[in-house]
Structure formats: structure tokens, C-alpha cells
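Biologist: Hey, I'm new to this one. Can you walk me through it?
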Amino acid sequence: LFSDTVGFSTVSEGMSPSELLDWLNLGMEKFVKVITSNGGMVNKFTGDGFLAVFGAPVIQPPELTAKAAIDTAIELQKKVTELQKELQKNGIPPLRLRVGIHSGRIIAGSMGGAERIEYALIGDSVNVAARLESLDKEKMSNDCRILISAETLNLIDTSSLNLYDWGSCKVKGRDKPVQVSELRDSS
């Protein structure tokens, strides 16, 4: 699950660095709790976003990790909606998210060398999730847009999900297109 904050550069223009960090942390605190409560782990913060993984470092069946990622996304949508009300009430700019979810094989482990090392997630699946998050950035149907690959949706029961089919999409840096659906507001 890859996420990025919508309009971060525009918001940062009107805030001091400390105000900006406080603004981001209002959301990140809520989002991290949602991820961990669903069995996920935030691997890294990417400035104004994050990369979360399900099924690492302990391998789990893909059906379970796909469901956990989708459950997390649904809760993230709800948290963003709650946060918008709080921010608006206090005259603070909205915090909106774009999320990409893709399932597949990765390798998780230490990357780097003697001078610097970090726990990293590597593989096409991470790249696809990141590309889904950034696909058609301006196309937002709500405050937390969630794009999910068919590889993830094929692992779970989708009958209760409000999905909108984006079709076969070309994503940056990849020859093979990805079948994409948007998880619309589930509240």
C-alpha cells in the first residue's frame, strides 16, 4: 500500500516547516494506527506519504494480506473524512490522500552498507503500488482516492466493495498494463 498527500507543495507554500510537520502528523498518527491495527507495517515515510506492507517480515497467505490492505484502505477513507471535519473546524487546510494497492511477491531485507543500512521492500509489486498511487493524480472522486490492481482484487471477495473500473492502464516504467479499479467511498 503506497500513499501520498494530495497538494502537499501548495499547502507547504503557506505554512512554516514546523506548522507543515504538525499538519502532516495530524493525519499520519491516525493513518499509522489504522495500518498497524490491520496487521500492516509502515516501512517508510516518503516525505508526505508512506509505504506500508502486509505479510512482511512474517510471510502470510496473499488472500489475508490483500484483505488486510483493503480493510486498511476503507478505514483510511473514514479517517480522512473525520480529519477533514476537524481541520475545517480549526481553519486548517484539508489533508487528502491518494493510495495505490497492489499484491505480489517482494523481498524484504536490509539494504545499504557499513555507513547506512535500512529495512527495504524491493520488487515490481512495490513499484506498481507506487505507480497506482500517482496515476492520473488530478482524477479525485473523494478526499481519499484508492486505486487497486486486479492482482489484489482477485484474491478477495469484492461483492461488498464499491468499485469503479478504470480498465487497463499503462503505468510509468512498466511495459505490461495494469487492470485498475477505484475503491469509492465506502461509508
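Modeller: Sure, and keep in mind that this is a predicted model. Let's start with two helices: Trp-23, Leu-26, Gly-27, Lys-30, Phe-31, Val-34, Ile-35 and Ser-37 in H2 meet Thr-72, Glu-75, Leu-76, Lys-79, Val-80, Leu-83, Glu-86 and Leu-87 in H3.

Biologist: What kinds of residues make up that contact of H2 with H3?

Modeller: They divide into nine nonpolar, three polar and four charged.

Biologist: At roughly what angle do the axes of H2 and H3 cross?

Modeller: Roughly 155 degrees, and the axes of H2 (residues 17–37) and H3 (residues 62–89) come within 10 Å. An angle over 145 counts as roughly antiparallel, so that's what H2 and H3 are to each other. The crossing of H2 past H3 is right-handed.

Biologist: New topic, pockets. What volume does the largest pocket have?

Modeller: About 610 Å³. It is lined by 28 residues, and Phe-54, Gly-55, Gly-104, Arg-105 and Ile-106 are the closest to its centre.

Biologist: Which helices and strands each supply at least two residues of that lining?

Modeller: Strands S3 (49–54) and S5 (107–112), plus helices H3 and H4 (124–134). By type, the lining has 19 nonpolar residues, eight polar and one charged.

Biologist: What about the backbone? Where is Pro-57, and is the peptide bond from Ala-56 to Pro-57 cis or trans?

Modeller: Pro-57 sits in the loop between S3 and H3. The bond from Ala-56 is cis, with omega near 5 degrees.

Biologist: And is phi of Asp-136 positive or negative?

Modeller: Positive, near 45 degrees, in a residue other than glycine. Most residues other than glycine have a negative phi. You'll find Asp-136 in the loop between H4 and strand S7 (144–149).

Notes
Residues are numbered from 1 along each chain as its sequence is written. This is a predicted model: local features need pLDDT of at least 70, side-chain atom pairs count only at pLDDT 80 or more; totals for chains, interfaces and linings use all residues. Side-chain values use heavy atoms; hydrogens and water are left out. Axes are lines fitted to C-alpha atoms, for helices over the stretch in contact, and angles run from 0 to 180 degrees between N-to-C directions. Helices (H or I, at least four residues) and strands (E, at least two) are DSSP runs, numbered from the N terminus. Angles under 35 degrees count as roughly parallel, over 145 as roughly antiparallel, 65 to 115 as roughly perpendicular and the rest as oblique. A crossing is left-handed if the near helix is turned anticlockwise from the far one by less than a right angle, and right-handed if clockwise. Contact means heavy atoms within 4.5 Å. Ala, Val, Leu, Ile, Met, Phe, Trp, Tyr, Cys and Pro count as nonpolar, Asp, Glu, Lys and Arg as charged, and the others, Gly among them, as polar. On a 1 Å grid over the protein atoms alone, a cavity is a set of points where a 1.4 Å probe fits but cannot get out, and a pocket is an open set with protein on both sides within 12 Å along at least five of seven lines; lining residues have an atom within 4 Å of a point. Grid points are joined across faces, edges and corners, and a volume is the space filled by probe spheres set on the points.
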